[in-house]
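Colleague: I should like to learn how to read the features of a structural model one at a time. May we begin once the model is on the screen?

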Amino acid sequence: MRLSPPQTTVQPMKLAIASGKGGTGKTTLAVALAQACLSPVHLLDCDVEEPNSHLFLTPHFSKKQPVTVAVPQIDETLCSHCGQCADFCQFNAIVALPKQTMIFSELCHSCGGCIRICPTNALTETDKPVGTIERGQCDHITLVKGTLDVGQAMSPPVIRAVKKQHDPKYLTIIDCPPGTSCPMITAVRDADFVLLVTEPTPFGLHDLTLAVETLRQLKLPFGVILNRCDIGDQGVVNYCHQESITIMLQIPDARQVAVAYSRGKGLLDALPDLKPQLQRLLNTISQSQQGGQI
Amino acid sequence: MKIAFTTTGDTLDAELDPRFGRANRFLIYDSDQKNLVIIDNNQNLNAAQGAGIQAATTLCKTGATVLITGHCGPKAFKVLTAAGVKIYPCKAKTLTEALAQFNNHELSETREATNEGHWI
């Protein structure tokens with residue numbers, strides 16, 4: 001007897017897909033989870049330096065909305081060159097020379113401190129564009145894509161703008177940037193659950209441990225997805241066992257996945273049998289949110 | 001005239017540090033008085049960002065009008081230029097060699113940053 005696919009009554013929650021190591025299959029999994037979902041779902045592409053979820057979904061995007069950050073601008077006629085702003089700035093974004101005050105807005109973290117501290121009100125806030133967000137629909141999936149402008153070094157403001165589009169009425173899947181630094185932390189922060197996608201290689205294991213340490217610091221519940229599970233070695237499996245981390249799904253290394261990918265097709269186009277497994281995965285996580293065990 | 005060098009040592013025999021922002025220290029040589037002072041640049045060694053800017057600010061306060069170093073990035077260049085410091089990129093091994101090259105007019109002032117900025 002063949003099991004009927006589970007009815008997905010997934011509770012609205014924020015599910016972040018992160019990894020540590022790049023290229024392990026975050027977007028592949030995020031898109032496949034969204035496609036497997038039976039009810040409307042929101043997919044937030046927070047990999048704003050290289051957003052690519054849309055390549056597999058091809059939605060029609062709305063008009064681009066600019067994302068700006070607040071940076072100081074100076075009125076030199078009011079500046080007394082006291083240098084208090086430069087002393088205050090923890091990011092070396094302001095230089096006070098005896099006759100000139102220079103602002104390097106690309107280093108500014110928008111704390112606003114310099115503007116408050118300026119005794120002559122020579123500094124005011126101005127909006128600097130750093131990226132864009134777009135919104136599109138593809139069947140039951142609402143996709144929000146953030147794109148950092150070329151030449152900008154700091155992606156968190158754009159990631160935060162994408163995450164502001166979160167609607168608590170829907171299951172929200174967050175496709176996170178790789179690594180474990182500010183962009184990844186900004187993307188996973190406030191998630192109800194994080195799936196760490198890794199591969200069973202020494203490199204995959206190394207970056208997985210960094211991601212695990214990061215999520216433990218952030219006190220976020222998480223599980224591991226082992227992609228291309230039949231390559232490499234036993235390192236990741238042994239590590240997860242030692243650390244009592246649940247491997248929630250194993251995805252085989254299949255040539256047809258790569259072939260599909262190269263044609264802009266997703267995981268479920270190549271391996272449709274995975275769909276009920278992904279639905280069960282969503283159910284398990286959903287139930288864990290209501291006190292169930294992983 | 002005060003001439004600033006980036007260095008890891010504290011005499012003119014010391015090596016020229018090719019880095020500007022994250023140079024260990026500056027040696028400021030006064031060519032009129034024939035004496036020198038050492039200015040520490042340690043606060044920048046571990047700065048996450050803006051080391052060049054901070055080093056340039058430190059250097060501007062020394063009164064040096066000439067900087068001899070290996071490389072100078074775009075933000076440091078902007079600050080130093082605004083403060084009227086002339087930058088002479090130099091490949092010499094020691095400060096003595098670099099000073100000799102400068103005195104013999106073998107070095108030329110750069111009109112732009114010698115390399116791109118670094119990002120974290």
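Colleague: Where in chain A is A:Ser244 found?

Modeller: This is a predicted model. A:Ser244 sits in the loop that joins α8 (235-242) to β12 (247-251) of chain A. Its backbone deserves attention, since A:Ser244 has a positive phi of about 55 degrees although it is not a glycine.

Colleague: Why does A:Ser244 count as exposed?

Modeller: The cut-off for exposed is over 50% relative accessible area. A:Ser244 counts as exposed because its relative accessibility is 67%.

Colleague: What is the phi of A:Asp190, and where is its place?

Modeller: A:Asp190 is not a glycine, yet it has a positive phi of about 70 degrees. Its place is in the loop between α6 and β10 (193-198) of chain A. With 53% relative accessibility, A:Asp190 counts as exposed.

Colleague: Let us turn to helices. Is A:Thr186, in helix α6 of chain A, buried or exposed?

Modeller: Here the other cut-off applies: buried means under 20% relative accessible area. A:Thr186 belongs to helix α6 (residues 182-188) of chain A, and it counts as buried because its relative accessibility is 13%. Apart from neighbours within four places in sequence, A:Thr186 is in contact with A:Pro156, A:Ile159, A:Arg160 and A:Lys163.

Colleague: How many residues of helix α1 of chain A are buried?

Modeller: In helix α1 (residues 26-36) of chain A, 10 of the 11 residues are buried, so the helix is largely enclosed by the rest of the structure. Among the buried residues of α1(A) are A:Lys26, A:Thr27, A:Leu29 and A:Val31.

Colleague: Which loop holds A:Pro168, and how far is A:Pro168 from A:Pro12 in space?

Modeller: A:Pro168 lies in the loop that runs between α5 (156-163) and β9 (171-175) of chain A. It is exposed, with a relative accessible area of 60%. Sequence separation and spatial separation should be read side by side: A:Pro168 and A:Pro12 are 156 residues apart in sequence, but their C-alpha atoms are 6.5 Å apart in space.

Colleague: How should I describe chain A as a whole, and what is its domain assignment?

Modeller: Begin with its elements and extent. Chain A has 11 helices and 12 strands, and its C-alpha atoms fill a box of roughly 80 × 45 × 40 Å along the principal axes. Of its 294 residues, 51% count as buried. For contacts in chain A between residues at least 6 apart in sequence, 73% join residues at least 24 apart. The domain assignment gives domain 1 (14-40 + 170-289) and domain 2 (70-129). The centres of these two domains of chain A, taken over C-alpha atoms, are 42 Å apart.

Colleague: What area is buried between chain B and chain A?

Modeller: The size of an interface is often given as the accessible area lost when the parts come together. Between chain B and chain A, the buried area is about 1,100 Å², with carbon and sulfur atoms giving 71% of it. The elements that give two or more residues to the side of chain B that touches chain A are α1 (51-61) and α2 (74-82) of chain B. The largest share of that side, five residues, comes from α1(B). By class, the side has seven nonpolar, four polar and two charged residues.

Colleague: How many residues does each chain bring to the contact, and how many salt bridges are there between chain B and chain A?

Modeller: Chain B brings 13 residues and chain A brings 11 residues. The count of salt bridges between chain B and chain A is zero, and that of residue pairs in polar contact is one.

Terms used:
Residues numbered from 1 in each chain as written. Chains lettered and ligands numbered in written order. Predicted model: local features only at pLDDT ≥ 70, side-chain atom pairs only at ≥ 80, totals over all residues. Heavy atoms only, no water. Contact = heavy atoms within 4.5 Å. Buried area = accessible area lost by both parts, 1.4 Å probe. Salt bridge = Lys/Arg side-chain N within 4 Å of Asp/Glu carboxyl O. Polar contact = N/O pair within 3.5 Å; in protein donor to acceptor, adjacent residues only side chain to side chain. Helix = DSSP H or I, 4+ residues; strand = E, 2+ residues; numbered from the N terminus. Nonpolar A, V, L, I, M, F, W, Y, C, P; charged D, E, K, R; others polar. Domains from an automatic or database assignment. Buried < 20%, exposed > 50% of the residue type's maximum accessible area, 1.4 Å probe, protein only.
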